[in-house]
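Reader: Could you walk me through one part of this model in some detail? I'd like to look at a pocket and then at whatever the elements around it lead on to.

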Amino acid sequence: MTIETGLLILESVLLVVTITLLVYSIREGRQRDKLLMEIGRTTKILTRQEYFMTVLDSMLNAKEEIVGCITGRIPAGNDKQMTRDIISTLEVLANKRVRVKYLLPKFPDRLHIGYLYTKAGAEILYSSCLMVHNMRFIIVDEKIVVIGIPEIIGETEATKKGYRIPSEGLAMVLGNYFNTCERQTSFHDYIKEVMSQTGATLQHLALEYKIDEEALKRLVENAN
């Protein structure tokens, strides 16, 4: 065997080894990226769950009143269970005579949560003021504030994390802002407003926004 042949064989072997290492490196990189994505996804879920647990814990400690500004979107996925937990908490608070008032954006699809929370004993209001589109918070007994933060800016973005702030000063500022938010409309009046603007009937609204038709009729009749 000549030197040239030996070198050619050696180069071929090294090339095969290099390609093999490159393939493994690419595969490892993909697995690493996938792992990082899974870790990131899990972290977001935990953070969101922690936020809702903070909200529920703060609500259960309320003695007199809770006011809040929420997005009120129709829940999907894991949010359905979180919504059921909040509804159960609202029922407990209603039995304890704790007043709960929520302000939601004036979007017809927010009638779904408005109905559920009204049925559970909360007072639901709708408004088109700037605050209701940009802030998410609850104030507990004018002492504790829980503020929700979306991952990116946008009124349609889900709340990903939040902060619990024991501050009477901040509670007073947000409470005043809440009370001065213009054009607040009750749940029942907003139903009438949507019906007037769209020509829809109660049956149409119940079907469109996943509301029990008979229960919705009773709520409207009792309000009248």
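Author: Let's start with the second largest pocket, which holds about 200 Å³ of space. Keep in mind that this is a predicted model. The pocket has 13 lining residues, and the ones nearest its centre are Glu 65, Val 67, Glu 142, Gly 175 and Asn 179. Sorted by character, the lining comes out as six nonpolar, three polar and four charged residues.

Two elements each put at least two residues into that lining: β1 (65-69) and α5 (168-180). Of the contributors, α5 gives the most, with six residues.

Now follow β1 away from the pocket. β1 runs parallel to β2, and five bridges join the two strands. One pairing to click on is Gly 68, which sits opposite Tyr 102 in β2. To get from β1 to β2 the chain passes through helix α2 (residues 79-95), making a right-handed β-α-β crossover.

How enclosed is β2 itself? Strand β2 covers residues 99-105, and five of its seven residues are buried, so the rest of the structure largely encloses it. On to the next neighbour: β2 is also joined to strand β3 (residues 123-127) by five bridges, again running parallel. Here Lys 101 has Glu 123 in β3 as its bridge partner.

The link between these two strands is helix α3 (residues 111-120), and β2, α3 and β3 together form a right-handed β-α-β unit. Helix α3 is worth a pause. Eight of its ten residues are buried, so α3 too is largely enclosed by the rest of the structure. The buried set includes Leu 111, Ile 113, Tyr 115 and Tyr 117, along with His 112. Just after the helix comes Gly 121, with a positive phi near 115°.

I'd zoom in on His 112, which lies in α3. His 112 has a relative accessibility of 9%, and because the cut-off for buried is under 20%, it counts as buried. What does its side chain reach? The side chain of His 112 comes to 2.8 Å from the backbone oxygen of Tyr 209, and it also reaches the backbone oxygen of Lys 210, at 3.2 Å.

So that's the route I'd take on screen: from the pocket lined in part by β1 and α5, across the parallel pairing of β1 with β2, on through the β2, α3 and β3 unit, and finally to the His 112 side chain at the backbone oxygen of Tyr 209.

Key. Residues numbered from 1 in each chain as written. Predicted model: local features only at pLDDT ≥ 70, side-chain atom pairs only at ≥ 80, totals over all residues. Heavy atoms only, no water. 1 Å grid on protein atoms, 1.4 Å probe; cavity = no way out; pocket = protein on both sides within 12 Å on 5 of 7 lines; lining within 4 Å. Points joined across faces, edges and corners; volume = space filled by probe spheres on them. Helix = DSSP H or I, 4+ residues; strand = E, 2+ residues; numbered from the N terminus. Nonpolar A, V, L, I, M, F, W, Y, C, P; charged D, E, K, R; others polar. Buried < 20%, exposed > 50% of the residue type's maximum accessible area, 1.4 Å probe, protein only. Pairing = 2+ DSSP bridges. Right-handed = clockwise from strand over helix to strand, strands pointing away. Polar contact = N/O pair within 3.5 Å; in protein donor to acceptor, adjacent residues only side chain to side chain.
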